[in-house]
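I set aside this session to go through the model and note what I looked up. The entries follow in the order I made them.

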Amino acid sequence: MNLINLIEFDVIGDERGNLVVLEGNKNIPFDIKRIYYLYGMKNDLPRGFHAHKKLLQVAVCISGSCKILMDNGVNKEVVKLNSPKCGLLIDKMQWHEMFDFSDGCILMVMASDYYDESDYIRDYKAFLGDIK
Ligand code: TYD
């Protein structure tokens with residue numbers, strides 16, 4: 001599987017503006033059980049630094065921009081999110097780090113399950129060990 005999997009959303013647009021529809025098991029490839037969003041980030045304070053054992057997520061930068069480093073334990077790649085028309089699939093066992101937040105960045109994330117701290121791998125060495 002690719003490290004960077006972007007989902008381009010259809011946009012219903014007219015002179016009044018644009019509308020994007022996100023639906024579980026349609027353009028979002030799982031049942032959406034939880035939505036959270038990050039805002040008020042500082043450009044020089046990165047976040048993330050974890051992987052999930054089972055959770056699937058799609059992150060959409062609905063305002064502003066940020067960068068996300070994706071790491072599968074073998075390869076690393078950075079993607080810039082700067083469009084409300086585009087979602088990044090964060091698969092299970094993908095280490096991710098978010099950084100370089102613009103002013104006004106709002107990062108919305110849809111998740112396949114409820115919050116569960118035991119699903120997190122927050123130690124990079126443990127992540128590399130689990131990948132093997
Ligand atoms: P965390 O996922 O570590 O944030 P980030 O990856 O953006 O750096 O979450 C930060 C804190 O918020 C942590 O204490 C767990 C808590 N949290 C919840 O309680 N529920 C949630 O759905 C999420 C995503 C986090």
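**Entry 1: ligand contacts**

Before listing contacts to the ligand, I fixed the term: a polar contact is a pair of N or O atoms within 3.5 Å. I also noted that this is a predicted model.

I looked up H50 against that cut-off. An N or O atom in the H50 side chain is 3.5 Å from an oxygen atom of the ligand. For R34, I found a polar side-chain atom 2.5 Å from a ligand oxygen atom. For Y120, the corresponding entry is a polar side-chain atom 2.7 Å from an oxygen atom of the ligand.

I then asked how much of the ligand the protein buries. The ligand taken alone exposes 530 Å², and 63% of that is buried by the protein.

Which elements give two or more residues to the shell around the ligand? I noted β4 and β5, the latter being residues 47-52. I also wrote down the residues around the ligand: R34, Y36, L38, R47, G48, H50, M98, Y115, Y120 and R122.

**Entry 2: the sheet with β5**

I followed β5 into its sheet. This is an open sheet of five strands in the order β8-β7-β10-β5-β12, and the pairing is antiparallel. At its edges I found β8 and β12 (120-121); each has a single partner strand, so one side of each is left without a neighbour in the sheet.

I checked the β12 end. β5 and β12 pair antiparallel over two bridges. H52 has Y120 in β12 as its bridge partner. Y120 is thus a residue I had already listed, with its polar side-chain atom 2.7 Å from a ligand oxygen atom.

I went to the other end next. Strand β7 (residues 66-71) pairs with strand β8 (residues 76-81) over six bridges, in the antiparallel sense. The bridge partner of I68 in β8 is V79. The two strands β7 and β8 make a hairpin with four residues between them. In that turn, G73 has a positive phi of about 90°.

**Entry 3: positive phi outside glycine**

After G73, I looked up residues other than glycine with a positive phi. F49 has one, of about 60°, and is not a glycine. I located F49 in strand β5. Is F49 buried or exposed? F49 counts as partly exposed, because its relative accessibility is 34% and the partly exposed class lies between 20% and 50%.

D100 is another entry, with a positive phi near 55°. I placed D100 in the loop between β10 (95-99) and β11 (106-111). D100 is also partly exposed, at a relative accessible area of 30%.

**Entry 4: the sheet with β4**

I came back to β4, noted earlier for its part in the ligand shell. β4 belongs to an open sheet of five strands in the order β1-β9-β6-β11-β4, with antiparallel pairing. The edge strands are β1 (5-8) and β4 (34-39), each pairing on one side only. On average, neighbouring strands of this sheet are turned by 25° against each other, direction ignored.

I looked at the β1 edge in detail. β1 and strand β9 (residues 86-90) run antiparallel and are joined by four bridges. Opposite E8 stands C86 in β9.

**Entry 5: aromatic pairs**

How many aromatic pairs does a search of the whole structure find? I recorded five. I followed up two of these pairs.

Y37 and Y39 form a tilted pair, at 6.3 Å centre to centre with 35° between the planes. I looked up the exposure of both. Y37 is exposed, with a relative accessible area of 54%, and Y39 counts as exposed at 61%.

Y124 and F127 form a tilted pair too, at 5.8 Å centre to centre and 35° between the planes. Both lie in helix α1 (residues 124-131), three residues apart, about one turn of the helix. I noted that Y124 is partly exposed at 28% relative accessibility, whereas F127 is buried at 0%.

Last, I checked what else is linked to these two rings. Ring pairs join W95, Y124 and F127 into a cluster.

Notes:
Residues numbered from 1 in each chain as written. Predicted model: local features only at pLDDT ≥ 70, side-chain atom pairs only at ≥ 80, totals over all residues. Heavy atoms only, no water. Pairing = 2+ DSSP bridges. Axes fitted to C-alpha atoms, helices over the stretch in contact; angles between N-to-C directions. Phe/Tyr/Trp six-rings, centres within 6.5 Å; stacked < 30°, edge-to-face > 60°. Buried < 20%, exposed > 50% of the residue type's maximum accessible area, 1.4 Å probe, protein only. Near = heavy atom within 4 Å. Polar contact = N/O pair within 3.5 Å; in protein donor to acceptor, adjacent residues only side chain to side chain. Areas by Shrake-Rupley, 256 points an atom, 1.4 Å probe, with all protein chains shown as cover.
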